[in-house]
Amino acid sequence: KGGAGGVVHVASMQPLLAAKPAVNSIEKALEGEGDLHLGANRQPNGWTVVTCTSGHGRTVWRDMVPEAAVAVAGSEAFGAVACENCCLYIFSRAGRRRLPAIMLESRVALLEAGGRYLMAVTTDGGCRLWDVEGLKEECGFSLASLLRAGGGGGADATVTSAWVCGEGVPVVCLSNGVRYTYHKSMKSLVRLADRNTFESSSLFSRDPIGWEGGAGGALARAVGQGVVLTGVGVPSMIQMDQDQQAAYTVAHAETMVAGAGLLESPQEWLAWHEKYVGLLVDGKDEAKLREVCQQLMVRRGAGGDGGWR
């Protein structure tokens, strides 16, 4: 509210996510095939020793930072250490500091790495994704409105996990069962799934082994197939007539095709696309079939999406 003399008073924001606590010792295996571990150990003088070791215990490189570490992450390409004063250190494969300490808006709640990419989720609900090798931001967005979906002052949900897939595509899972990714061109969050996504679709399956693209696909992981059946979908299916369920199944396939494309998962994209086209043929939906064929011809001619489609 405005006060005397035009001064604006802003209430302090309550953290939406729990901060990682400062610890005396932390260690994490780095992503990738090289058996490497990144550790941070607090010293009696208050400094923290950052060490990268091989699986045989050999020290690959070592450095020191003056703050207490709260999280470490990395891959074969880099290592990262987040500290309690909101700073973030990034080290090269050989232990060289790629940048001076990066200052984040608030403390880190989650720090994850994948390939050349680093993702940080902060306590204010912010999410940042960087291409470490290219030293550039891939995307940045806020989860605050999603975490405060109930409209209260605090958080109604929390982030349970987050990771990077494909060429720098973030996936964030909330405690309410909803999973999101970020569309970089549209600059918008996209909901991949919720607790009961398309349970009434005739293509729905909770068996991750038999799911399109297999259990290990990026889309299968993000959508979270294989969770315990809630029973919500069965009554919904009974209440739908044949035409309604057919339309709902087509919507399911369309969503999965788009999701696999966003997550850059070609095998899953192809598997769902074949299912989708089959549904359109069975339903004699000529208009949608024409659109699909036209889009495929344009992509093939332009060599879009890296040619994988």
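# A guided tour, starting at Cys86

Select Cys86, which is buried, with a relative accessible area of 19%, a value that falls under the 20% cut-off for that class. This residue belongs to the loop between β6 (78-83) and β7 (87-92), and if you display its backbone torsions you will find a positive phi of about 75°, although Cys86 is not a glycine. Please keep in mind throughout that the model is predicted.

**The whole chain**

Now zoom out and colour the chain by secondary structure, which comes to 6 helices and 16 strands. Of the 309 residues in the protein chain, 41% are buried. Among the contacts in the chain with a separation of 6 or more, 44% are between residues 24 or more positions apart.

**Salt bridges**

Side chains of opposite charge can pair when their charged atoms come close. In this model the count comes to 9 salt bridges, and several of them are worth selecting in turn.

Begin with Lys28 and Glu112, whose side chains meet in a salt bridge at 3.6 Å, N to O. Because Lys28 lies in strand β1 (residues 25-29) and Glu112 in strand β9 (residues 108-114), this pair ties together parts that are 84 residues apart in sequence. Lys28 itself counts as partly exposed, at 28% relative accessibility.

Next, select Lys184 and Glu138, which form a salt bridge with an N to O distance of 2.8 Å. Lys184 is in the loop between β15 (179-183) and β16 (188-193), whereas Glu138 is in strand β12 (residues 136-142), so here the bridge ties together parts 46 residues apart in sequence. Both partners count as partly exposed, Lys184 at 27% relative accessibility and Glu138 at 22%.

Then move to Glu286 and Arg290, where the side chains meet in a salt bridge of 3.0 Å, N to O. These two residues are 4 residues apart in helix α6 (residues 286-302), and they are therefore separated by about one helical turn. An α-helix has 3.6 residues a turn, so residues three or four places apart point the same way.

To finish this part, show the side chains of Glu105, Arg128 and Glu137 together, since these residues are linked in a network of salt bridges.

**Helices α4 and α5**

Select helix α5 (residues 266-282) and draw a distance between its end C-alpha atoms: they are 24 Å apart, which agrees with the 24 Å that its 17 residues should span at 1.5 Å a residue. The buried residues in α5 are Glu268, Trp269, Ala271, Trp272, His273, Tyr276 and Leu280. Following α5 comes Lys284, whose phi is positive, near 55°.

Add helix α4 (residues 242-262), which packs with α5 at an angle of about 155°, the axes being 9 Å apart. Since angles over 145 degrees count as roughly antiparallel, that description applies to α4 and α5, and their crossing is left-handed. To see where the helices meet, show Thr249, Val250, His252, Ala253, Glu254, Met256, Val257, Ala260 and Gly261 in α4, together with Glu268, Trp269, Trp272, His273, Tyr276, Leu279 and Leu280 in α5.

In the loop between α4 and α5, select Glu264. Its phi is near 55°, a positive value in a residue other than glycine, and Glu264 is partly exposed, with a relative accessible area of 33%.

**Glu199, beside α4 in the selection list**

Keep Thr249 of α4 displayed and add Glu199, for the two are 50 residues apart in sequence and 9.5 Å apart in space, C-alpha to C-alpha. Glu199 lies in the loop between β16 and α2 (218-223), and Glu199 is buried, with a relative accessible area of 7%.

**Last stop: Leu146**

Finally, go to helix α1 (residues 144-147), in which Leu146 is found. Leu146 is partly exposed, with a relative accessible area of 21%. Setting aside its neighbours within four places in sequence, Leu146 is in contact with Leu174, Tyr180 and Leu189. One of these partners, Leu174, is 28 residues away from Leu146 along the chain, with the two C-alpha atoms separated by 8.9 Å.

Terms used: Residues numbered from 1 in each chain as written. Predicted model: local features only at pLDDT ≥ 70, side-chain atom pairs only at ≥ 80, totals over all residues. Heavy atoms only, no water. Salt bridge = Lys/Arg side-chain N within 4 Å of Asp/Glu carboxyl O. Buried < 20%, exposed > 50% of the residue type's maximum accessible area, 1.4 Å probe, protein only. Expected span 1.5 Å × (residues − 1). Axes fitted to C-alpha atoms, helices over the stretch in contact; angles between N-to-C directions. Parallel < 35°, antiparallel > 145°, perpendicular 65-115°, else oblique. Left-handed = near helix turned anticlockwise from the far one by under 90°. Contact = heavy atoms within 4.5 Å.
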